[in-house]
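I opened the notebook to look up the main pocket and then two buried side chains.

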Amino acid sequence: MPPGRPRVFDLEEALERALEVFWRKGYEGTSLQDLTEAMGINRPSLYAAFGNKEDLFRKALDRYVEGPGSFVRESLCEPTARAVVERLLNGAALMQTSPCRPHGCLVVQSALVGGAAADPIRQELVSLRSAVETALRRRLERASAEGDLPPDADPADLARYVATITHGMAVQAAGGASLEELQRVVLIALRTWPS
């Protein structure tokens, strides 16, 4: 942007609007026209402020992780393995069905389909999901070392199980499942938790 020419839009608000479009339509389903219309800016302004579509998606993804997805990081601080999983699953159910946001999960929905051009984004989303599962596995390994899990409970298998439940809930939420329906899934998952 040339010096002396003030930006006429709020960067944070524009990024929030881009996040919602990506969340609702997925990375590949979102066009530049979708983004510029939702953000209230033209293409040159989008490129000047955020870079290309891929750059903008990465900024929106960071905002998602630090905002609506922050329950994941917070759940890992719970004192017991069961409390970690309970907070994680309930946090997912709440976030994925919030009336203030698109339903489902940006990370899951944006990685479900895509052609070769979207492969770098898909791989980044796979890495992000893997990092969350690894963080959960490490937390469960700590719980195991502290005697908070039975000796025969495998932290890696449990982390994969919880990730699978969470991702399935995201697909269900995107398809219209209610908070109450997802909370019933959480209750069933917690009944199977090793004690």
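The entries below take the pocket first and the two side chains afterwards.

I am working from a predicted model, in which local features need pLDDT of at least 70 and side-chain atom pairs count only at pLDDT 80 or more, while totals for chains, interfaces and linings use all residues. Residues are numbered from 1 along each chain as its sequence is written, and side-chain values use heavy atoms, with hydrogens and water left out.

Entry one, the pocket. I find about 420 Å³ of space in the largest pocket. Among its 25 lining residues, Gly69, Phe71, Val72, Val107 and Val132 are the closest to the centre. I note that α9 gives the largest share of the lining, six residues, and that by class the lining holds 18 nonpolar, four polar and three charged residues.

Entry two, glutamate 16. This residue sits in helix α1 (residues 11–29), and I record it as buried because its relative accessibility is 19%, where buried means under 20% relative accessible area with a 1.4 Å probe and protein chains only. Its side chain makes a polar contact of 2.3 Å with that of arginine 101 (a pair of N or O atoms within 3.5 Å, one able to donate a hydrogen and the other to accept it; residues adjacent in sequence count only if both atoms are side-chain atoms).

Entry three, glutamine 109. I place this residue in helix α7 and count it as buried, at 17% relative accessibility. A polar atom of the glutamine 109 side chain lies 3.0 Å from the backbone oxygen of tryptophan 23.

Note on methods
1 Å grid on protein atoms, 1.4 Å probe; cavity = no way out; pocket = protein on both sides within 12 Å on 5 of 7 lines; lining within 4 Å. Points joined across faces, edges and corners; volume = space filled by probe spheres on them. Helix = DSSP H or I, 4+ residues; strand = E, 2+ residues; numbered from the N terminus. Nonpolar A, V, L, I, M, F, W, Y, C, P; charged D, E, K, R; others polar. Buried < 20%, exposed > 50% of the residue type's maximum accessible area, 1.4 Å probe, protein only.
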